[in-house]
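Hi everyone, thanks for making the time today. I'd like to walk you through one model, so have a look at the sequence and the structure before I start talking.

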Amino acid sequence: MKRILLFILPILFLVTAVFAGFGLIQASFEEERLIDDLKKKAKAVNESMELSARHIFLENDLKAAYRLVESFQKRDRTQGCVIYDKEGKILAITERISDWRDKDKPYLSDILASKSPRGTLEKFREYSVYSYILPVTDDNEDVIGAIEVIYDTSYVFTILTQLWKRISASLIVLLLFIVIITLLIQRQIFILPVRRLTQWFTHFQRGEIDKLRPFKENGEFGKLITEVEQVALGLRVARKVVSDNANARIQREDTWTEAKLKDLVHARLGENAFFVVSNREPYMHIIDEATGSQKCIRPASGVVTAIDPILRACGGTWIAHGSTKTDRNFVNSKNKLGVPTEDNRYILKRVWLTKEEEEGYYYGFSNEGLWPLCHVTHTRPIFRETDWQMYKKVNQKFAENVLEELPAKDPFVFIQDYHFTMLPKMIKEKRPDATIALFWHIPWPNPEVFAICPYHQEILDGMFGCDLIGFHVQNHCNNFLDTANRLTECRVDTEKFSVVRKNRETFIRSFPISVGGYMSGNSTQFDENEINKIKKEFKLQDKIIGVGVERIDYTKGIIERILAIDRFFEKYPEYRNKLVFLQLAAPSRTHIKRYHELIGEIDELIEKKNWKYSDGDWKPIVYLKRYFSSEEIRPYYALADFCIVSSLHDGMNLVAKEYVASKKDSSGALILSKFTGAARELTDAVLINPYSIEEFADAIKFTVDMPDEEKRKRMENMRKVVLENNVYKWAGSLITELTSLKKV
Ligand code: F6P
């Protein structure tokens with residue numbers, strides 16, 4: 001638009017200037033002509049009255065004088081007539097101009113003396129008038145008086161105004177004409193070819209190769225199009241070569257790395273686009289409370305920890321809720337941005353939700369309903385009809401956002417978690433060609449528990465829109481198959497591990513999720529400085545240090561952990577003053593009453609226990625209640641002699657794996673709840689039942705007393721498991737499974 005204005009405005013300006021100049025000339029000619037006419041007319045009228053006037057003066061016939069001036073009273077345009085005697089005194093004047101009498105007329109004596117007539121424009125009342133004075137002489141050529149005719153000139157201005165109106169109307173028509181013609185020309189020579197090129201690109205991007213038509217454009221534009229076509233062709237060939245090379249490399253390499261995953265994605269997905277959908281966004285823009293400036297953080301979330309390295313490796317689009325006000329400042333017109341911000345590896349598309357939507361869908365149905373339902377930690381799930389309606393509405397909103405991104409053929413959509421159970425069906429209905437996988441990051445309960453949810457039928461039906469549903473452990477897969485079997489009309493194939501319903505088959509598989517970034521991270525001097533700083537700040541020199549890292553959530557067993565630490569110091573007082581436990585805790589879902597209460601309960605309990613044992617500078621628990629970035633957590637893992645993960649129930653728990661992966665020197669030990677998915681793999685951890693405070697306290701003692709050699713051996717074993725079964729392998733197996741469902 002700006003460009004069109006830049007082009008069109010000078011033309012309009014020029015045409016207006018020419019028209020105005022032309023109008024001025026025409027108006028001044030017209031004015032001159034009209035005044036000239038008036039002069040001639042006034043002169044003629046005056047001359048025609050000369051005889052009658054002479055008679056009036058010679059006979060001193062005042063009656064005739066009155067008659068003469070009054071004959072002007074009714075004339076059109078003519079204002080009136082004045083008869084002067086030879087001294088210049090008024091003998092008679094038309095009544096309607098009687099106040100002309102008062103006008104000062106210094107020129108009159110000159111006219112009478114010189115015997116020359118005079119015509120001039122004069123101001124009278126608020127008008128402009130034309131006055132013509134004719135001296136009248138006798139036979140001896142002596143002046144005997146004068147007659148003056150006064151004409152109203154306002155009609156001249158009326159005619160000129162009409163002329164200007166006509167000129168303006170023609171100018172407007174001409175300008176409109178020019179605008180229309182320019183727009184048409186510009187559309188023809190610029191917009192249409194650019195639009196065709198854009199469409200061509202869109203088809204190319206979406207992989208709609210059959211819709212690509214060769215361009216027939218001449219001139220510079222044609223040359224540009226030829227170049228674009230060459231680049232596009234080169235890109236397609238390059239993609240094919242990358243895909244072939246990638247296939248060859250996958251066969252050669254054993255361990256899963258970022259590069260191997262990249263190869264797998266190129267080989268398996270080729271040109272097929274990859275989309276991730278989750279509630280939590282991987283990068284969140286917030287206002288830094290300390291500095292007041294805007295900054296980008298990675299939220300504390302298992303989904304983010306696992307999926308971000310995958311998209312970093314393979315690119316693609318991640319669609320998630322843009323949850324902060326500041327988020328809006330960083331997206332383009334399509335609500336997208338490249339992330340990570342410093343090194344754009346993939347696209348993040350932010351979906352905006354209203355407060356009501358967030359309240360009902362996220363806080364309400366997802367986190368007060370499904371979350372406690374699936375975790376079975378004895379927090380009562382709450383199901384409200386209004387939340388459920390909002391949950392479906394938000395799923396629909398995400399479906400629309402996903403659908404508008406999908407390319408023409410065979411896209412892959414990878415949905416995360418319990419926030420989007422209705423999304424698979426909504427997408428599948430519109431795009432049956434899309435391959436859809438859903439990964440359930442939390443536990444799946446048994447059918448009796450799941451049936452508590454009043455909407456279980458619809459939820460399962462929504463999930464059956466998937467081609468593949470993944471859980472962390474086989475037990476959750478079994479629970480899901482049981483649930484499908486017991487609560488819906490379907491056929492469960494126990495050989496293939498699939499559910500067949502309404503002629504659609506959904507495969508159920510376990511994929512134990514893991515971590516990736518810690519393997520490649522280079523923790524050296526930077527960590528050492530940070531470690532020393534932390535030790536100094538919390539007076540940890542020569543202390544045995546334990547660490548816990550989580551979101552403040554009732555499923556994480558934080559209360560049980562504090563009680564176990566209390567019992568440990570009670571039972572084994574020799575460790576007082578020698579051991580410090582660092583609890584890093586990020587407040588989360590704080591609008592929910594239960595979470596709000598939990599924050600208060602933890603504060604109170606830690607305060608109480610610290611008061612109970614504190615001795616001089618020493619206190620048993622250092623409680624750091626705030627968000628920590630993964631870079632900030634790193635030195636805490638490094639300095640900790642042991643880490644406690646005491647979830648009451650957890651799908652996997654990536655803190656356990658992160659801690660193990662970060663221990664490059666194989667030091668440290670892990671105390672791990674039996675009720676986490678991670679406990680199935682990390683069997684060399686000290687496994688605990690967090691509900692049994694006695695057993696838990698003894699496990700801390702056992703871990704602290706464990707000989708270094710055994711600790712090292714256990715850590716080495718756990719590291720082997722985590723490094724081999726890393727997040728790249730998790731994603732690799734998932735993509736392999738997904739693509740083998742549909743041959744691409
Ligand atoms: O495991 C479920 C999950 O979605 C994880 O990604 C993460 O640990 C947690 O829930 C995040 O919760 P939220 O996104 O609600 O803060």
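Let's begin with Phe702, which sits in helix α21, residues 693-705. This is a predicted model, by the way, so please hear everything I say with that in mind. Is Phe702 buried, partly exposed or exposed? Its relative accessible area is 41%, so Phe702 counts as partly exposed. If we set aside neighbours within four places in sequence, Phe702 touches Val686 and Arg714. Val686 is 16 residues away from Phe702 in sequence, and the two C-alpha atoms are 8.4 Å apart.

Now stay in that helix and look at Ile700, one of the residues with the most contacts inside the largest nonpolar core. Which residues does Ile700 contact, beyond its neighbours within four places in sequence? They are Ala564, Ile565, Phe568, Phe642, Ile644 and Ile671. The core itself has 167 residues, and the others with the most contacts inside it are Leu261, Phe480, Leu582, Leu670 and Trp730. Helix α8, residues 355-375, is the top contributor, with eight residues. Domain 2 and domain 3 each supply at least three residues to this core. As a general reminder, nonpolar side chains in soluble globular proteins tend to be buried together.

That brings us to the domains. The assignment gives us three to talk about: domain 1 at 2-158, domain 2 at 274-510 and domain 3 at 526-724. Between the centres of domain 2 and domain 3, taken over C-alpha atoms, there are 30 Å. How many residues does each of them put into their contact? Domain 2 brings 27 residues and domain 3 brings 21.

Next, let's move to the other core. Separate from the one we just saw, a second core has 39 residues, among them Val15, Ile35, Leu68 and Ala92. I'd like to follow two of those.

Take Ile35 to start with. Ile35 belongs to helix α1, residues 2-59. With a relative accessible area of 14%, Ile35 falls under the 20% cut-off and is therefore buried. Leaving out neighbours within four places in sequence, Ile35 is in contact with Leu121 and Val156. For a sense of distance across the model, compare Ile35 with Thr676: they are 641 residues apart in sequence, and 105 Å lie between their C-alpha atoms.

Then there is Leu68, in helix α2, residues 62-70. Leu68 is buried there, along with Ala64, Ala65 and Val69. Why do these four end up on the same side of α2? Because they cover an arc of only 130° around the axis. The textbook picture helps here: an α-helix has 3.6 residues a turn, so residues three or four places apart point the same way. Turn α2 around and you find Lys63 and Arg67, both exposed, on the other side. And at the start of α2, Asp61 places a side-chain oxygen within 3.3 Å of the backbone nitrogen of Lys63.

Let's go to the ligand. The residues around it are Arg280, Ser301, Gly302, Val303, Tyr362, Trp371, Asp417, His441, Ile442, Arg551 and Arg589. Which kind of atom does Arg280 bring to the ligand? A polar side-chain atom of Arg280 is 2.9 Å from a ligand oxygen. With Gly302, a backbone N or O atom lies 3.1 Å from an oxygen atom of the ligand. Val303 also uses a backbone N or O atom, at 2.8 Å from a ligand oxygen.

Before I stop, here are some backbone details to check on your own screens. Where is the cis peptide bond I'd point you to? It runs from Val339 to Pro340, with omega near -10°. Pro340 is in the loop that links β10 (336-339) to β11 (346-351).

Then look at Lys502, which is not a glycine but has a positive phi of about 45°. Lys502 is in the loop between β16 (498-501) and β17 (504-510), and at 63% relative accessibility Lys502 is exposed. Lys539 has a positive phi too, near 55°. Its place is the loop between α15 (525-537) and β18 (544-551). At 43% relative accessibility, Lys539 is partly exposed.

That's my tour, thanks for listening, and I'm happy to go back to any part of it.

Note on methods:
Residues are numbered from 1 along each chain as its sequence is written. This is a predicted model: local features need pLDDT of at least 70, side-chain atom pairs count only at pLDDT 80 or more; totals for chains, interfaces and linings use all residues. Side-chain values use heavy atoms; hydrogens and water are left out. A nonpolar core is a set of buried Ala, Val, Leu, Ile, Met, Phe, Trp, Tyr and Cys residues joined through side-chain atoms within 4.5 Å. Buried means under 20% relative accessible area, exposed over 50%, partly exposed in between (1.4 Å probe, protein chains only). Helices (H or I, at least four residues) and strands (E, at least two) are DSSP runs, numbered from the N terminus. Domain bounds come from an automatic or database domain assignment. Contact means heavy atoms within 4.5 Å. The arc is that of the directions from the helix axis to the C-beta atoms. A polar contact is a pair of N or O atoms within 3.5 Å; within protein, one must be able to donate a hydrogen and the other to accept it, and residues adjacent in sequence count only if both atoms are side-chain atoms. A residue is near a molecule or strand if one of its heavy atoms lies within 4 Å of it.
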